[in-house]
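Trainee: Could we go through this model together, step by step?
Mentor: Happily; let's have it in front of us.

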Amino acid sequence: MKKNLLTIIVSIVLALVFVMILFVFQVRQSEVAVVTRFGKPVRDVTQPGAYFRMPPGIESVYKLDQRIQNFEDSFSEGYTADGNNLLTCVYVGWRIADAKAFFPKFKNGSVKEAERNLKDIVTQAKAAVVGKHPLGDFVNANDRELKFDAIEKEIKDIVQGQVTANKSGIQIEYLGLKRIGVPDSVTESVFALM
């Protein structure tokens, strides 16, 4: 009789564990979860904890990293307002602000795809802003005439505007100029003149 009782108790516990695995999911502090029903997002879960869901096949749970993601764009050429060739590189920090908008915009909430899209937007914004400023705003002997903060803010505002207009659920946390330079051909001609 005791063996049968022990077997029944173990069976009940195993059944409860199996049911919990099917109907409960956990969200960590650094995550946001998107719950889809038959492939369409129905809700997002931003607070950490355990949550109920319908069984797999009906509802699926996709967990996305809510922490700030970082990348830097490539060192690329652009022309300043006064016609000088300038190489620039910017760094960007972004995060997922609206998981329900982010998830369908980028296949299954792909951070890599979002970053690729964001790099294109950053490259275009950077070229537009560099083209509006003379070289003296980037390189100058007088520190007061440098306009790095204003240039970085302009690029960030353009990028955030594009991201918001695309309804991609991304928030730009910070953006800054990492490196500036001149092409080798310009450097060689400067040294030749010297």
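**Overall form and core**

Mentor: A compact globule of 194 residues would have a radius of gyration near 16 Å, but the protein chain has 26 Å; this radius is taken over C-alpha atoms, and the globule rule is 2.2 Å times the number of residues to the power 0.38. Do keep in mind that this is a predicted model, where local features need pLDDT of at least 70, side-chain atom pairs count only at pLDDT 80 or more, and totals for chains, interfaces and linings use all residues. Residues are numbered from 1 along each chain as its sequence is written, and side-chain values use heavy atoms, with hydrogens and water left out.

Trainee: What does the C-alpha trace span along its principal axes?
Mentor: We already have a radius of gyration of 26 Å for the protein chain. Along the principal axes, the C-alpha trace spans about 100 × 30 × 30 Å.

Trainee: Which element gives the largest share of the largest nonpolar core?
Mentor: A nonpolar core is a set of buried Ala, Val, Leu, Ile, Met, Phe, Trp, Tyr and Cys residues joined through side-chain atoms within 4.5 Å, buried being under 20% relative accessible area (1.4 Å probe, protein chains only). The largest one has 29 residues, and Trp-94 and Val-159 are among those with the most contacts inside it. Elements giving two or more residues include strand E8 (85–96), helix H3 (111–130) and helix H4 (148–165); helices are DSSP runs of H or I with at least four residues, strands runs of E with at least two, numbered from the N terminus. With seven residues, the largest share comes from H3.

Trainee: How many residues does the second, separate core have?
Mentor: Val-27, Ala-33, Val-35 and Val-45 are included in this core. Its count is five residues.

Note on methods. Buried < 20%, exposed > 50% of the residue type's maximum accessible area, 1.4 Å probe, protein only.
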